[in-house]
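Hi,

Here is the structure I promised to pass on. Have a look at it first, and then read my notes below.

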Amino acid sequence: METFSSRDLVLQAEKKILSRMATKSMVNMLIDDTSSEILDELYRVSKEYTKNKAESHKVIKNLIKVTVKIGVLYRNNRFSAEELQLAEEFKKKLHQGAMTAISFHQVEFTFEKGVLSVILRDCRNLLLRLVDRHLTPKSHDRIRHVFDHFASEDLLGELYNPTGPLKSHLQKICEGMNKLIDEGKL
């Protein structure tokens with residue numbers, strides 16, 4: 001017997017439509033100003049580090065697409081109890097990463113690029129487990145692309161270089177993360 005679910009079709013369509021609308025103007029409609037500012041700064045960091053506007057745009061666009069798709073899945077109650085536990089683990093690990101990033105920024109000479117890199121890779125792995133049965137291999141590749149890009153020890157070393165050109169971006173990213181933490185959003 002064929003299994004057909006109009007709800008599944010609607011969910012698929014919603015994910016597809018939203019992933020195609022991952023533009024800056026759409027982001028401003030879907031997320032708060034602070035998150036948007038953090039994404040802008042992450043784009044600038046990536047662009048200055050890679051010297052490649054197209055690659056930087058792709059990384060942020062992939063981040064937005066994945067975030068939107070996971071949000072759609074969550075709002076439509078698609079995660080099992082076990083997957084919701086993974087989501088909680090991911091949130092805790094992301095919070096830990098944000099706190100670590102802020103601490104490294106606030107306390108000079110404490111930065112260890114390997115520490116943040118491991119946390120970001122742990123986040124990537126948790127997220128991949130969470131969406132394993134929900135998203136396509138292409139979306140899995142997007143997750144890997146985003147997390148591997150920002151977990152690069154070379155990029156992190158440049159970002160935390162106290163005399164480097166990315167220092168002002170790091171300041172704004174940390175201010176934004178602090179604000180999201182204070183609001184209970186991160």
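Let me start with a loop: Lys51 sits in the one between helix 3 and helix 4 (53–75). Keep in mind that this is a predicted model. Lys51 has a phi near 60°, which is positive although the residue is not a glycine. Most residues other than glycine have a negative phi, hence my flag. Lys51 also counts as exposed, because its relative accessibility is 70% and the cut-off for exposed is over 50%.

There's a similar entry in the loop between helix 4 and helix 5, where you'll find Asn77. Phi of Asn77 is near 50°, again a positive value in a non-glycine residue. Asn77 is exposed too, with a relative accessible area of 65%. For a glycine with positive phi, go to Gly184, just after helix 9, at about 75°.

On to helix 9 itself, residues 167–182. Its 16 residues should span 22 Å at 1.5 Å a residue, and the end C-alpha atoms are indeed 22 Å apart, so the two agree. Which residues of helix 9 are buried? They are His169, Leu170, Ile173, Cys174, Gly176, Met177, Leu180 and Ile181. Looking down the axis of helix 9, these buried residues fall within an arc of 165°, so they line one face of the helix. The spacing fits the general rule: an α-helix has 3.6 residues a turn, so residues three or four places apart point the same way. Covering the buried residues of helix 9 are, among others, helix 3 (33–50), helix 5 (81–106) and helix 8 (153–159).

Now the packing. Helix 3 and helix 9 have axes 9 Å apart and meet at an angle of about 155°. That angle makes helix 3 roughly antiparallel to helix 9, and their crossing is left-handed. On the helix 3 side, the contact includes Thr34, Ile38, Leu42 and Val45. From helix 9, His169, Ile173, Gly176, Met177 and Leu180 are among the residues taking part.

The other pair I looked at is helix 5 with helix 6 (residues 113–131), packed at about 160° with the axes 9 Å apart. Helix 5 is therefore roughly antiparallel to helix 6, and the crossing is left-handed. Residues of helix 5 in this contact include Leu86, Phe90, Leu94, Gly97, Ala101 and Phe104. They belong to a set that meets helix 6 residues including Val115, Ile119, Cys123, Leu126 and Leu130.

Cheers

Methods. Residues numbered from 1 in each chain as written. Predicted model: local features only at pLDDT ≥ 70, side-chain atom pairs only at ≥ 80, totals over all residues. Heavy atoms only, no water. Helix = DSSP H or I, 4+ residues; strand = E, 2+ residues; numbered from the N terminus. Expected span 1.5 Å × (residues − 1). Buried < 20%, exposed > 50% of the residue type's maximum accessible area, 1.4 Å probe, protein only. Arc of directions from axis to C-beta. Contact = heavy atoms within 4.5 Å. Axes fitted to C-alpha atoms, helices over the stretch in contact; angles between N-to-C directions. Parallel < 35°, antiparallel > 145°, perpendicular 65-115°, else oblique. Left-handed = near helix turned anticlockwise from the far one by under 90°.
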